[in-house]
Amino acid sequence: MILYGFQKGSYVRKTFTLFLRDLYIFLWGLLLIIPGIIKNYEYSMIPYILAENPEISRQRAFEISKKMMDGQKMDAFILDLSFIGWEMLGAITFGIVKVLYVHPYEKATWVELYKVNRKNMLETGKASIQELPGWNGTDNII
């Protein structure tokens, strides 16, 4: 399970897709700060899509992420704002609380957001089960 991301030669493709995501966010951020923040939330589901389906094309991953976050960007921003107190606690404890509790809690929360968005995409027909198969083609894990 640990080496799953390195199987089938998809590591380079996934890494390049994530690099392009970060590059696009940086370039949008050069316009002003706000477009970069919006694009950051728009592309925030790409790592989860790639983890679920390493064979998906780069363009389709970007497209699915955009559709998933359509109408959800403000909610995701508010979700991030809800962690401000935890971030301050992490800073006070020199990162100990952040490493042990806050970061895993944030990631688990974002996975739940992905789970809800994924279900919505499948129900509305904006993505197929072949594109977002879950783990091993089942819907049990994600």
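**View 1. Phe94 sits between two helices.** Phe94 is found in the loop between α6 (84-92) and α7. This is a predicted model. Phi of Phe94 is near 55°. That is a positive value in a residue other than glycine. Phe94 counts as exposed, at 79% relative accessibility.

**View 2. The whole chain is built from helices, with zero strands.** The protein chain has seven helices. Read along the sequence, the pattern is α-α-α-α-α-α-α. The chain holds 142 residues, and 32% of them are buried. About 9000 Å² is exposed by the chain. Carbon and sulfur atoms supply 67% of that area. Among contacts with a separation of 6 or more, 60% come from residues 24 or more positions apart.

**View 3. A nonpolar patch lies on the surface.** Its members are Phe16, Phe19, Leu23, Tyr24, Phe26, Leu27, Trp28, Leu30, Leu31 and Leu32. Together they have about 1000 Å² of accessible area. One of them, Leu31, has its place in helix α1 (residues 11-31). Leu31 is exposed, with a relative accessible area of 55%. Tyr24 is also in the patch. At 32% relative accessibility, Tyr24 counts as partly exposed.

**View 4. Tyr24 and Tyr43 make an aromatic pair.** The model has 10 aromatic pairs. In this pair, the ring centres of Tyr24 and Tyr43 are 6.4 Å apart. Their planes meet at 55°, so the pair is tilted. Tyr24 lies in helix α1, while Tyr43 lies in the loop between α2 and α3. The pair therefore ties together parts that are 19 residues apart in sequence. Tyr43 is buried, with a relative accessible area of 5%, whereas Tyr24 is partly exposed.

**View 5. Four aromatic residues form one cluster.** The members are Phe83, Trp86, Tyr101 and Tyr105.

**View 6. Helix α2 has a covered side made of several buried residues.** Gly36, Lys39, Tyr41 and Glu42 are buried in α2. Their cover includes α1, α4 (58-69), α5 (73-81) and α7 (96-124). Two of these buried residues carry charge and meet: Glu42 forms a salt bridge with Lys39. The closest N and O atoms of Glu42 and Lys39 are 2.9 Å apart. Both residues lie in helix α2, three residues apart, about one turn of the helix. Glu42 has a relative accessible area of 10%. For Lys39 the value is 13%.

**View 7. Ser44 is buried in a loop.** The loop runs between α2 (33-42) and α3 (46-52). Ser44 has a relative accessible area of 11%. The side chain of Ser44 reaches the backbone oxygen of Tyr41 at 2.8 Å. Leaving aside residues up to four places away in sequence, Ser44 touches Ser65, Met69 and Trp110.

**View 8. A buried salt bridge joins Arg118 and Glu52.** Side chains of opposite charge can pair when their charged atoms come close. The model has nine salt bridges. In this one, the closest N and O atoms of Arg118 and Glu52 are 2.6 Å apart. The pair links distant parts of the chain. Arg118 is in helix α7 and Glu52 in helix α3, 66 residues apart. Both residues are buried.

**View 9. Lys67 and Glu63 belong to a network of salt bridges.** The side chains of Lys67 and Glu63 meet in a salt bridge of 3.1 Å, N to O. The two are four residues apart in helix α4, so about one helical turn separates them. Lys67 counts as partly exposed, at 32% relative accessibility. Glu63 is partly exposed too, with a relative accessible area of 34%. The network links Arg60, Glu63, Lys67 and Glu131.

**View 10. Leu122 meets residues that follow helix α7 (96-124).** Leu122 lies in helix α7. This residue is partly exposed, with a relative accessible area of 24%. Leaving aside residues up to four places away in sequence, Leu122 touches Ala127, Ser128, Ile129 and Leu132. Leu122 and Leu132 are 10 residues apart along the chain. Their C-alpha atoms are separated by 8.1 Å.

Conventions. Residues are numbered from 1 along each chain as its sequence is written. This is a predicted model: local features need pLDDT of at least 70, side-chain atom pairs count only at pLDDT 80 or more; totals for chains, interfaces and linings use all residues. Side-chain values use heavy atoms; hydrogens and water are left out. Patches are made of residues with over 30% relative accessible area and no salt bridge: like charges are joined within 9 Å, nonpolar side chains (Val, Leu, Ile, Met, Phe, Trp, Tyr) within 5 Å. Accessible areas come from the Shrake-Rupley method with a 1.4 Å probe; for residues, only the protein chains shown count as cover. A salt bridge is a side-chain nitrogen of Lys or Arg within 4 Å of a carboxyl oxygen of Asp or Glu. Buried means under 20% relative accessible area, exposed over 50%, partly exposed in between (1.4 Å probe, protein chains only). Contact means heavy atoms within 4.5 Å. A polar contact is a pair of N or O atoms within 3.5 Å; within protein, one must be able to donate a hydrogen and the other to accept it, and residues adjacent in sequence count only if both atoms are side-chain atoms. Rings of Phe, Tyr and Trp (its six-membered ring) pair if their centres lie within 6.5 Å; planes under 30 degrees apart count as stacked, over 60 as edge-to-face and the rest as tilted.
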